[in-house]
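Open your viewer and get ready to click through some selections. We'll take it one stop at a time.

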Amino acid sequence: MPNRLQEEPMSESLHGRMEQRLGERERDSALRDVQYPGALIDLSSNDYLGLSASAQLSTAVAEQAAAIRASGAGASRLLGGNYPMLSHLEDHAAAFHRAEAALFFSSGYAAQSGLIATLAKRGDTLLYDELVHASAHEGMRLSSAKCYPFAHNDLHCLRERAKDCSGQVFVLIESIYSMDGDLAPLHEIADICSEFGWNLLVDEAHAGGLAGHQGEGRVAELGLEEQVFARLITYGKAFGAAGGMVLGSALLRRYLINYCRPLIYSTGPLPLQVLMIREAYDLMAKASEERARVRELRRLLLRDLPRQFGAHGSTETDSPSAIVPIHCPGNEAVLALSAKLAQRGFDVKAVRSPSVPAGAERLRCCLHAFNTPAEISRFIGALKEEVRPSSMV
Ligand code: PMP
C-alpha cells in the first residue's frame with residue numbers, strides 16, 4: 001500500500017513562502033523596514049507637540065520615578081497588576097475628556113481592536129468609514145458581526161447602509177483621519193446615529209492633544225459626548241508617550257473589564273508609562289501656543305503648496321489637524337520623492353499601497369509645534385524643485 005503521506009503534493013516550505021511574499025513586496029516597491037529617524041527635519045512623526053523629547057516632561061517624570069516601588073505591573077490587571085496610579089490616570093482622563101469612565105490599554109491598537117471585537121457580536125452590524133485605521137479592521141476581523149464600509153465621510157452612503165443593518169449597529173469613524181488628515185463631519189454623523197439608534201465609536205488618535213481648547217479632542221470640543229458611545233484616545237501621538245484609553249460609560253468600562261481579551265490576558269502597563277502619560281496631560285493641556293503654531297504651519301503649507309499635490313484628503317486650512325497629505329501617485333514615484341527630500345534634509349514619509357489604495361499614494365506630511373515657518377517654506381521650495389512639471393499633473 002502506498003504511503004498516504006507520499007501521495008500528497010509537497011507543500012511549499014514556510015521559508016519559501018516567506019521569501020516569495022517578501023519578493024512580491026519588493027517587486028511592488030512596497031517592502032517595509034524599520035529605520036532610525038536620522039538628523040533630518042521631522043515632518044513625519046506623530047509627536048505633534050514635541051512632548052516625546054520634552055526636557056520638562058522627562059524631568060517631571062524623573063523627579064517622581066524614585067517614588068515608584070515596582071518597575072513592572074507584575075501581572076495582568078485582574079491578577080494583581082493593578083495599582084492606584086493607574087486608576088488615578090483613568091479618573092483624570094475621564095474628567096479631562098468629559099466622559100463618565102475611562103479604561104487604559106497598553107496600546108491604541110489593542111484598545112480599538114479589543115473594543116470592537118468585544119462589543120459587536122454575531123447578528124450585529126459594523127458600518128465603517130473606508131479610511132478607518134488597521135486597528136479597527138483588526139477588531140472587525142475578530143468580531144462575528146457583519147461589516148459594511150461606507151465611502152469616506154459620505155453621509156448619504158452611511159444612511160443608505162441602514163437597509164443592511166440588523167442587531168446592534170456600530171459606526172466606526174476617526175475624528176481626524178490618520179492618512180488624509182481631514183475631519184469627520186462629526187455633528188452630522190452623530191445625528192444620523194441618534195436618528196437610527198446606532199452606536200457611534202470615534203477614534204480620536206490624531207485629535208487628542210490637538211483639537212479643543214486644551215487638547216480634549218473633537219468630540220468634547222463639539223459637545224457631542226452624549227451622542228458618542230465610545231471614544232479612543234491614544235498616547236503615542238500628541239501626548240508623546242504610548243498607550244490607549246477607551247472613554248465611555250461606567251457600564252462599558254465594567255463590560256470591557258469582564259470580556260475584553262487584550263485587557264484580561266495582557267500584563268498591566270509599566271508604572272513609568274502611566275506616570276509619563278499623567279505628566280503629559282498637564283503639559284499638553286497648557287500647550288495652547290503649540291497648538292496654535294501647528295495650525296499656523298498648516299495654513300502656511302496649504303497656502304503655498306502647489307495645487308496638484310492636494311488632490312487627496314485634507315484641504316481645510318483652518319483645522320486642528322497636523323496631517324497634510326501630499327499627493328504623489330505610484331509607489332516608486334512617492335518613494336523617490338521622499339528619498340530626494342531626505343537628501344535635502346527633510347524627513348517626510350512615503351505612504352504606499354497597500355497601506356493606501358493604489359493611485360492614492362502620498363507623502364504624509366506631519367506638522368509639529370517645533371517646526372518653523374522657514375522650514376515649511378524651504379520644504380515647499382524643495383518640493384517644487386524636485387517635481388518636474390510633467391509628473392505634477
Ligand atoms: N488609530 C489610529 C487612527 C492610529 O493612527 C493609530 C496609530 N497609528 C492607532 C489607532 C493605534 O494607536 P497606537 O499607536 O497607540 O497603537
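Which residues of helix 8 (residues 186-196) are buried? Select the helix and look for Leu186, Ile189, Ala190, Ile192 and Cys193. "Buried" here means under 20% relative accessible area, while exposed means over 50% and partly exposed is in between (1.4 Å probe, protein chains only). Helices (H or I, at least four residues) and strands (E, at least two) are DSSP runs, numbered from the N terminus.

Before moving on, some ground rules: this is a predicted model, where local features need pLDDT of at least 70 and side-chain atom pairs count only at pLDDT 80 or more, while totals for chains, interfaces and linings use all residues. Residues are numbered from 1 along each chain as its sequence is written, and side-chain values use heavy atoms, with hydrogens and water left out.

**Stop 1: down the barrel of helix 8**

Turn the view so that you look down the axis of helix 8. Its buried residues fall within an arc of 160°, so they line one face of the helix. (The arc is that of the directions from the helix axis to the C-beta atoms.) Here's the textbook background: an α-helix has 3.6 residues a turn, so residues three or four places apart point the same way.

What do these buried residues pack against? Show helix 7 (155-160), strand 5 (169-174), strand 6 (199-203) and helix 9 (218-221), and you have the partners. Contact means heavy atoms within 4.5 Å. Now step just past the end of helix 8 to Gly197, which follows the helix and has a positive phi, near 75°.

**Stop 2: Val228**

Next, select Val228, in the loop between helix 9 and strand 7 (230-234). Its relative accessibility is 10%, so Val228 counts as buried. Leave aside the neighbours within four places in sequence, and Val228 is in contact with Leu200, Val202 and Val219. For a sense of scale, draw a line from the C-alpha of Val228 to that of Glu386: they are 158 residues apart along the chain and separated by 44 Å.

**Stop 3: His97 and its neighbour Arg98**

Is His97 buried or exposed? It is buried, with a relative accessible area of 0%. You'll find His97 in the loop between helix 4 and strand 2. Not counting residues up to four places away in sequence, His97 touches Gly215, Glu216, Ala220, Glu225, Arg231, Ile233, Leu247 and Tyr281. Try a C-alpha distance here too: His97 and Val219 are 122 residues apart along the chain, yet 8.6 Å separates them.

Now click on Arg98, in the loop between helix 4 (84-96) and strand 2 (101-105). Arg98 is partly exposed, at 43% relative accessible area. Arg98 is not a glycine, but its phi is positive, about 55°.

**Stop 4: two more backbone spots**

Select Ser29, in the loop between helix 2 (14-27) and strand 1 (41-42). Ser29 has a positive phi of about 55° and is not a glycine. With a relative accessible area of 14%, Ser29 is buried.

Then jump to Pro354, in the loop between strand 11 (349-351) and strand 12 (362-366). What joins Ser353 and Pro354? A cis peptide bond, with omega about 15°.

**Stop 5: helices in pairs**

Two packed helices are described by the angle between their axes and the distance between the axes. Axes are lines fitted to C-alpha atoms, for helices over the stretch in contact, and angles run from 0 to 180 degrees between N-to-C directions. Angles under 35 degrees count as roughly parallel, over 145 as roughly antiparallel, 65 to 115 as roughly perpendicular and the rest as oblique.

Show helix 3 (residues 55-65) with helix 12 (residues 271-285): they pack at about 135°, axes 9 Å apart. That angle is why helix 3 and helix 12 are oblique to each other. Light up the contact: helix 3 gives Gln56, Leu57, Ala60, Val61, Gln64 and Ala65, and helix 12 gives Leu272, Leu275, Met276, Glu279, Ala280 and Leu283.

Last, show helix 13 (residues 288-304) and helix 15 (residues 373-386), which pack at about 25° with axes 10 Å apart. That makes helix 13 roughly parallel to helix 15. Select Leu297, Leu300, Leu301 and Asp304 of helix 13, then Pro373, Ile376, Phe379, Ile380 and Lys384 of helix 15, to see the contact.
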